[in-house]
Amino acid sequence: MQWKELKARLLEAGSTRLTGEPAERFIARSAAGPGAGGSGAVFFSMGSHRVKLALDPLSTTEITHRGNGTADLYFNGTLISGRLLEPGFHCPDQAFITVTGSCIFRCRYCTVPAIGGRRKPIEEIIRMVESVRHRIHAISITSGVQESIGEEEAYVLEVVKHLAFFNLPLGVSIYPTEKTPDRLKELGVCEVKFNLETATPALFEKMCPKLDYDLIWQVLDRSVELFGKNRVFSNVIVGLGETDAELEACIRKLTAHGVIPVLRPLNPVHGLPGTPRPTAERLNTVFAMHERALEVAGLDTREALTMCTSCTGCDLVPGRDE
Ligand code: SF4
């Protein structure tokens, strides 16, 4: 089975059991993103490819740790040998840090509001980066919203100022004000991700009441002007009820605007009962659309230095998952 095909099937499953030797140092525990607040996740790699799987003792997929990261994946009667990757923070090769682990908004696919985490002081964030400095090539920052979008932006800007000291590529993904791209650019941030989350405005209204779809587009356009080609990203969740045609239109619009879409398979959550993860077949269809759209627009995911397009753990990424 080719890697892309295998990864689509693993992303459809979404989880694995973990057996064998103790593997604590390979377990990623996240305050944001897929699997946030769960019992952790592992990154399984085969050569330069990787996939992130949530840990679930009831999963039909199994990874057996043989020691020192060497691992065997058992999936549908096939054994695949590979490695477990040690996360920096949240993902391998990066310190991807959630500044504020709570949120005043209630987007229906998101677990952050339910976790209700705290805001990390700047000194703590610096210590976190220092502790993994030797095995990361980038710093990425995301955040919930503790009080208001403007107040959160101001705090994240302070964090970013302090992180310049590390002299590493820095990516930021927060809920923006219209000035966020300019302010981040001024501080030396190299990549930004502002998430559309849904393929259509109607779905956005349903999923993210109180947030502004048009503002995200406006901010994405300004970001492309400032940060340039291959430096601006936007998550769109696959599986919220959009049709393939709607998703393709959204992908095409993003790429035509110079934005690299991050097509994220839905993680089922309490807020969306009866909405399953997308199937491997759908993920393959979406991959083909995504690949064509990037090619037409002359965008290249291999240029990404930070955040999800550089990590590739949770999504199929044309140009990287080949
Ligand atoms: S793809 Fe993004 S959300 Fe997933 S593990 Fe990597 S950095 Fe985290």
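Which residues of helix α7 are buried? Hi everyone, let's start with that one, and keep in mind that we are looking at a predicted model.

The buried residues of α7 are Val219, Leu220, Arg222 and Ser223. An α-helix has 3.6 residues a turn, so residues three or four places apart point the same way. As for partners, the buried residues of α7 pack against helix α5, residues 180-186, and against two strands, β11 at 191-193 and β12 at 232-238. The helix itself covers residues 213-227, which makes 15 residues. From first C-alpha to last, α7 reaches 21 Å, close to the 21 Å expected at 1.5 Å a residue. Just after α7 comes Gly228, with a positive phi of about 90 degrees.

Now let's go back towards the start of the chain. Here six strands form a closed barrel, in the order β1-β3-β2-β6-β5-β4, and the pairing is mixed. On average, neighbouring strands of this sheet are turned by 45 degrees against each other, ignoring direction. One pair to look at is β4, residues 62-67, with β5, residues 70-75: they run antiparallel and share five bridges. In that pair, Thr64 sits opposite Asp72 of β5.

Helix α1, residues 3-13, lies across β1, β2, β3, β5 and β6, and runs at about 15 degrees to β3.

Last stop, the core. The largest nonpolar core counts 83 residues, and those with the most contacts inside it are Val42, Phe44, Leu84, Ile141, Val160 and Val172. So what does Phe44 touch, leaving aside its neighbours within four places in sequence? Its contacts are Arg50, Val51, Leu53, Ile63, Ala71, Leu73, Gly82 and Leu84. Thanks, everyone!

How values were computed
Residues are numbered from 1 along each chain as its sequence is written. This is a predicted model: local features need pLDDT of at least 70, side-chain atom pairs count only at pLDDT 80 or more; totals for chains, interfaces and linings use all residues. Two strands pair if DSSP finds at least two bridges between them. Helices (H or I, at least four residues) and strands (E, at least two) are DSSP runs, numbered from the N terminus. Axes are lines fitted to C-alpha atoms, for helices over the stretch in contact, and angles run from 0 to 180 degrees between N-to-C directions. Two residues are in contact if their C-beta atoms, placed from the backbone, lie within 7 Å. A nonpolar core is a set of buried Ala, Val, Leu, Ile, Met, Phe, Trp, Tyr and Cys residues joined through C-beta atoms within 7 Å. A residue is buried if 20 or more other C-beta atoms lie within 10 Å of its own, exposed if 12 or fewer, and partly exposed in between; C-beta atoms are placed from the backbone. The expected span of a helix is 1.5 Å times one less than its number of residues.
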